[in-house]
Amino acid sequence: MGEIPAALPRLDGDEKPLVVYCHHGVRSLRVANWLRQQGVEQVSSLQGGIDRWSLEIDPGVPRYT
């Protein structure tokens, strides 16, 4: 989250969908909500994070232990 405010100018006006993700999806949801408050409309958080992605979509993605 600490780096996101500095990146906001690069995201402002970009109409491409943006997916934010973290380990379990909690922090990325906070970031996505903050970005929406800043006017970034096309933003989503990966529910369950990269851990869930690894379990359900791509087991080739390493999981933290």
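**A predicted 65-residue protein: elements, core and pocket**

The protein has 3 helices and 2 strands, where helices (H or I, at least four residues) and strands (E, at least two) are DSSP runs numbered from the N terminus. This is a predicted model, in which local features need pLDDT of at least 70 and side-chain atom pairs count only at pLDDT 80 or more, while totals for chains, interfaces and linings use all residues. Residues are numbered from 1 along each chain as its sequence is written, and side-chain values use heavy atoms, with hydrogens and water left out.

Reader: In what order do the elements of the protein run from the N terminus on?

Author: The protein has 3 helices and 2 strands to place. From the N terminus on, they run α-β-α-β-α.

Reader: Which helix gives the most to the largest nonpolar core?

Author: A nonpolar core is a set of buried Ala, Val, Leu, Ile, Met, Phe, Trp, Tyr and Cys residues joined through side-chain atoms within 4.5 Å. The largest one has 7 residues: Leu8, Val20, Val31, Ala32, Leu35, Val40 and Val43. With 3 residues, the most to this core comes from helix H2 (residues 26-37).

Reader: Which residues does Val20 contact, leaving aside neighbours within four places in sequence?

Author: Val20 belongs to the largest nonpolar core. Contact means heavy atoms within 4.5 Å. On that basis the partners of Val20, leaving aside neighbours within four places in sequence, are Ser28, Val31, Leu35, Val43, Ser44, Ser45 and Leu46.

Reader: Is Ser54 buried or exposed?

Author: Ser54 sits in helix H3 (residues 49-56). Not counting residues up to four places away in sequence, Ser54 touches Pro59, Val61, Pro62 and Arg63. Buried means under 20% relative accessible area, exposed over 50%, and partly exposed in between (1.4 Å probe, protein chains only). Because its relative accessible area is 3%, Ser54 is buried.

Reader: Which element supplies the largest share of the lining of the largest pocket?

Author: A pocket is an open set of points on a 1 Å grid over the protein atoms alone, where a 1.4 Å probe fits, with protein on both sides within 12 Å along at least five of seven lines; lining residues have an atom within 4 Å of a point. The lining of the largest pocket includes Met1, Tyr21, Arg27 and Val31. The largest share of this lining, 4 residues, comes from H2.

Reader: What percentage of the residues of the protein count as buried?

Author: The C-alpha trace spans about 35 × 20 × 15 Å along its principal axes. Of the 65 residues of the protein, the share that counts as buried is 25%.
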